[in-house]
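This report moves from the chain as a whole to a few chosen places within it. Please keep the sequence and the model at hand while reading.

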Amino acid sequence: MEPAEEQDAGNHTLLTEFVLSGLSSRPELQHLLFVTICLAYTMTVIGNLLICMVTMHPTLHMPMYFFLRVLSFLDISTASVVVPKMLVTFLSEDRSISYLGCVTQLYCVVFLAVTEWYLLAAMAYDRYVAVCSPLRYAVIMNARLCLSLVLLSCCSGNVVSVVQTAWVFRLSLCGPRRINYFFCDIPPLIMLSCTDTSRYEKQIISATVLVIFMPFCLILLSYACIIFSIVKMSSAESRHKAFSTCSSHLAVVTLYCASGTLIYLQPKSSNSQDTKKILALIYTTVIPTLNPLVYSLRNKEVKEVLIRVM
């Protein structure tokens, strides 16, 4: 993609960089935010690296742990694409990002978010098979199917990301080069467009429905079947443990779905940019920190292997 042209008082100049406003413009909050986000990022990297290492243990060669390893890798990548640049904006007066850097960051964020969302749907299906068809689990969830589901998630993320990134940077970005956000994302970028974006906004809404709501419905259906099977369990302790696991998984999935939906269903809503920043912070920083705790460290087998390894 060629850098967009910026219109300024009738003159056309090459737009080679953008300026990120950051998470907050209040000077007294910058150091506090830096420490908080840096701590969350450190926890994200350490927690997910531990999961990647532990799930490679010979006793954990099951489809569920393969998916958890991929999820941890995606969480580290998502946080690493966004957080380091955000930390720089807290302490530095230079908040610029190059045109190519902005294109790359947008592509990576969308790719990783969509891939992770489809991976969560695959993980829900894996849990459904494990609970509802335990005797056929090893046959159904074989290595070929697991790898195919991961590759399909990656391919879906790549297609959506290429299309969305190409659409955004084909717009005439002739507004001010300042992006009211802490990373390059679709809603703040189309706010810079001086052309009619109504057609593109409809396309974003359609993509949101296809990318977020369809997998979410599959996840809900999988967990509904799981809960129905749990109810029939004779042991109260087993029911409580299964309900606890399902509820925590669904809580994180719902948080992920809600944050993404609220951001992209109204992409050009200028009166809610601060709200969108908080929602974007949830799925780029908070959820990658929570995933190791929710999906892995509450698992008895993972905790036992982690203790032995450490």
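Two residues are taken to be in contact when they have heavy atoms within 4.5 Å of each other. On that basis, among contacts in the chain between residues at least 6 apart in sequence, 77% join residues at least 24 apart. The model discussed here is predicted, and its values are computed from the atoms of that model.

**The chain as a whole**

The chain has 10 helices and 5 strands, and its C-alpha atoms fill a box of roughly 75 × 40 × 30 Å when this is taken along the principal axes. Because a compact globule of 310 residues would have a radius of gyration near 19 Å, the 21 Å found for the chain agrees with that expectation. Of the 310 residues, 50% count as buried, while the accessible surface of the chain comes to about 15,400 Å², with 66% of this area belonging to carbon and sulfur atoms. As for charge, the chain carries 22 positive and 18 negative charges, and the mean positions of these two sets are 12 Å apart.

**Annotated spans**

An unreviewed UniProt entry lists, under "transmembrane region", residues 32–54, 66–91, 97–125, 145–169, 204–231, 243–266 and 278–297. Two of these listed spans are set out below with their computed secondary structure and the distance between their end C-alpha atoms.

| Span | Helix | Strand | Distance between end C-alpha atoms |
|---|---|---|---|
| residues 32–54 | 100% helix | 0% strand | 33 Å |
| residues 66–91 | 100% helix | 0% strand | 38 Å |

**L33 and its surroundings**

L33 is found in helix α1, which covers residues 30–54. When neighbours within four places in sequence are left aside, L33 is in contact with L23, S24 and F90. A further distance links L33 to another part of the chain, since the record-listed span 66–91 ends at L91: the C-alpha atoms of L33 and L91 are separated by 10.0 Å, although the two residues are 58 residues apart along the chain.

**Q203 and its surroundings**

Q203 has its place in helix α7, which covers residues 198–231. Is Q203 buried or exposed? Its relative accessibility is 19%, and because buried means under 20%, Q203 counts as buried. Which residues does Q203 touch, once its neighbours within four places in sequence are left aside? Under that condition, Q203 is in contact with V163, Q164 and W167, and these three positions fall within residues 145–169, one of the spans that the UniProt entry lists under "transmembrane region".

Technical notes:
Residues are numbered from 1 along each chain as its sequence is written. This is a predicted model: local features need pLDDT of at least 70, side-chain atom pairs count only at pLDDT 80 or more; totals for chains, interfaces and linings use all residues. Side-chain values use heavy atoms; hydrogens and water are left out. Helices (H or I, at least four residues) and strands (E, at least two) are DSSP runs, numbered from the N terminus. The radius of gyration is taken over C-alpha atoms; the globule rule is 2.2 Å times the number of residues to the power 0.38. Buried means under 20% relative accessible area, exposed over 50%, partly exposed in between (1.4 Å probe, protein chains only). Accessible areas come from the Shrake-Rupley method with a 1.4 Å probe; for residues, only the protein chains shown count as cover. Lys and Arg count as positive and Asp and Glu as negative; His and the chain ends are not counted. The place of a charge is taken as NZ of Lys, CZ of Arg, CG of Asp or CD of Glu. UniProt positions are given in the numbering used here, feature names are shortened, and annotations may be inferred rather than shown by experiment.
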